[in-house]
Amino acid sequence: MDAKLKTNILLVDDQPAKLLSYELILAELDETLVKANSATEALQHLLATDFAVVLIDVCMPELDGFELAAMIREHPRFEKVAIIFVSAVQVNEIDLVKGYAAGAVDYVPVPVVPELLRAKVRVFVDLYRKTRQLEALNRELEQRVAERTVELEKANQELERRVDARTREREAALAQVHEMQKLESLGQLTGGVAHDFNNLLMAVITNLDLAKAQVPDNPKLHRLLDGAIAGAERGATLTKRMLAFARRQELKPEIIDVAELVGDMTEMLARSLGPTIQIEANFPPDLPPVEADPNQLELALLNLALNARDAMPLGGELKISSRGETVAANAIPHLAAGDYVCLSVSDTGSGMDEATLKQAAEPFFTTKGLGKGTGLGLSMIDGLAAQSGGTMRLISQVGQGTTVEVWLPRSQQTKSVSAPARILVDDRGSSAFTILVVDDDMMIAEVTAALLEDLDHTVIIANSAADAMEQLRARGDTIDLLLTDHAMPGMTGIELAAKARQDRPELPIILASGYAEIPSGEGLGLFRLAKPYRREELEAGVASVMTEYRRQGSTVDPSGRIDGLKAAGGFGLALRASI
Ligand SMILES: Nc1ncnc2c1ncn2[C@@H]1O[C@H](COP(=O)(O)OP(=O)(O)OP(=O)(O)O)[C@@H](O)[C@H]1O
Ligand SMILES: [Mg+2]
């Protein structure tokens, strides 16, 4: 409270002269003096204004001073107001007590000594002022406490909100790590199973092939054998998808013009999707090329188109488009910063709910019912994209259709005419060779030997790289070709090839492998054959290597690399000159 604000002092007396004299005495205090001629008038003033001190004449005609003081005290607002009695008659002890009981705080006897009256009134005015100041300070303090409490509550809420957000972030990160670990172990498991199945299926298919050749004119048996081969081949397709998901499939990356690849496929897609689905392809003219395996990319597109067809049983629209984009670090999950081409396939079908969308790319997840879907379509595409240095993204909502984006790294080279030329093998099987077959899996070694023998070649089997080296050294130049598995205990196929080339730099070598287990760049100019391979693929492989060997004559690079060997694509998927 402002200390300079004047306080009110009420002077109550029935005699105007006395009121005047009090007024004169107290004028020096420089406060506001209010005069009342009667108790009634005094009460009216009290109800309207706040007073620091009330000065009351004890003897008044209508209501004496004691009664007025008692009435004032009864009012809650004036419980604490200072009341000073002025008494003309001599007050005895009893009157004094009566006065204090009525609420008086002090007495001033008559005749009034001005200094005494002023001093007493000043004390109570000061007290009043101090009390008000204290009250104001108190109020201010309370207000500050209230403000601080609100601020603290806000800070608390903010803290709680942040803790909540951090907890949620942590939980989300943990869930993501968990999901990645789950997929990682699923990948390892699937890759392992697929690898073993590949070998088994190779034995099944090869033996069926050989059995078919044994009974040339038995159409009924041929039908049965064809049925068995078709079943085994479906199994082989399945293992290929599993390897793709596990990111362990053999990829043969090439520089691809995506628009051209899709253009070449549209007729086939239109046939697969039927007349109720309209296909629209949209590619900008300056789309950069990508680096990926064209056969696998075609397979991925076909899988996406079939998923779209299944989501649009009553027909609809399939849009295939592409765009080049420069991606910043962390902008797209699982994608490093760099230049990419985003191939996008959209349908106007049923779309997916949140739960389906979350699981769609997991291996073996399908909503298509037993025997209708393997649940490996999207997993294969996801694995292919990741193995090619890109990623796959799914965007879908129930009733809003689905968009699948396949991001592939942009190739730094342009698709040129010098891209691997495919050499047609026209003299395959023109002569018989002595072939050293190396595989730690006896079953595979034997079926391969059986196939080669059926092709009139002479076969020597070795069950390990060490065994193979011994054979090579013992038999010298009588071995025309080395056909080796890669993943073998002790020494890998690549290590064996390097060692063999030390003794015989020109030795033709075919490296057979079930999955992408060979580190890139660690090449010796070897031909590679993907497992499981069929009789025709093996035949073409041997013929290619030997034709090329003969064509090159002895012009062999001292490093051991047979230069100029290009992909022999007679049976495209299985063979390529590599690394
Ligand atoms: N375009 C789409 N629209 C709606 N749902 C889809 C679409 N593509 C995939 N899905 C959902 O994701 C699941 C997994 O798809 P994925 O291609 O991996 O396996 P699938 O199609 O069920 O089996 P397969 O590919 O062997 O035929 C599907 O069963 C389906 O529920
Ligand atoms: Mg599918």
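Here are some numbered notes to help you find your way around this predicted model.

1. Let's start with confidence. The chain has a mean pLDDT of 85, with 89% of its residues at 70 or more. Two stretches call for care. Residues 416-429 have a pLDDT below 50, and this stretch has 25 contacts in the model beyond near neighbours in sequence. Over residues 554-579 pLDDT also stays under 50, and here the model has 61 contacts beyond four places in sequence. Where pLDDT is low, the predicted coordinates should not be read in detail. Please keep that in mind when you look at the contacts of these two stretches.

2. Helix 7 is a good place to begin looking. This helix covers residues 258-273 and bends by about 45° at Thr-266. Its buried residues include Val-258, Val-262, Leu-269 and Leu-273. An α-helix has 3.6 residues a turn, so residues three or four places apart point the same way. With that in mind, try viewing Val-258 together with Val-262, and Leu-269 together with Leu-273, all of them buried.

3. What covers the buried residues of helix 7? The cover includes strand 6 (254-256), strand 7 (277-282), strand 8 (290-292), strand 9 (316-327) and strand 10 (338-347), along with helix 8 (294-311). Just after helix 7 comes Gly-274, whose phi is positive at about 85°.

4. Helix 8 turns up again at ligand 1. It gives the most to the shell around this ligand, with 4 residues, and helix 10 (377-387) also supplies at least two. There are 23 residues around ligand 1, and those that come nearest are Ala-311, Thr-366, Gly-373, Thr-374 and Gly-377. By type, the shell holds 14 polar, 7 nonpolar and 2 charged residues.

5. Strand 16 (residues 509-513) is mostly covered, with 5 of its 5 residues buried. In a regular strand the side chains alternate between the two faces of the sheet. Here, Ile-509, Leu-511 and Ser-513 are on one side, Ile-510 and Ala-512 are on the other, and both faces are covered.

6. Which strand pairs with strand 16, and in what sense? The partner is strand 15 (residues 481-485), and the two run in the parallel sense over 4 bridges. To find the pairing on screen, look for Leu-483, whose bridge partner in strand 16 is Ile-510.

7. Now for some backbone details. Most residues other than glycine have a negative phi, and most peptide bonds are trans. Against that background, the bond from Val-110 to Pro-111 is cis, with omega near 0°. Pro-111 sits in the loop between strand 5 (106-109) and helix 5 (114-214). Another cis peptide bond joins Lys-531 and Pro-532, with omega about -5°. Pro-532 is found in the loop between strand 17 (527-530) and helix 14 (535-552).

8. Two residues other than glycine are worth a look for their positive phi. Asp-30 has a phi near 60° and lies in the loop between helix 1 (16-27) and strand 2 (32-36). Asn-330 has a phi near 65°, and its place is in the loop between strand 9 and strand 10.

9. Are Asp-30 and Asn-330 buried or exposed? Asp-30 counts as exposed because 9 other C-beta atoms lie within 10 Å, and the cut-off is 12 or fewer. Asn-330 is exposed too, with 9 other C-beta atoms within 10 Å.

Methods. Residues are numbered from 1 along each chain as its sequence is written. Chains are lettered from A and ligands numbered from 1 in the order in which they are written. This is a predicted model: local features need pLDDT of at least 70, side-chain atom pairs count only at pLDDT 80 or more; totals for chains, interfaces and linings use all residues. The bend at a residue is the angle between axes fitted to the seven residues ending there and the seven starting there. A residue is buried if 20 or more other C-beta atoms lie within 10 Å of its own, exposed if 12 or fewer, and partly exposed in between; C-beta atoms are placed from the backbone. Two residues are in contact if their C-beta atoms, placed from the backbone, lie within 7 Å. A residue is near a molecule or strand if its C-beta atom, placed from the backbone, lies within 6 Å of it. Ala, Val, Leu, Ile, Met, Phe, Trp, Tyr, Cys and Pro count as nonpolar, Asp, Glu, Lys and Arg as charged, and the others, Gly among them, as polar. pLDDT is the predictor's confidence in each residue, from 0 to 100. Two strands pair if DSSP finds at least two bridges between them.
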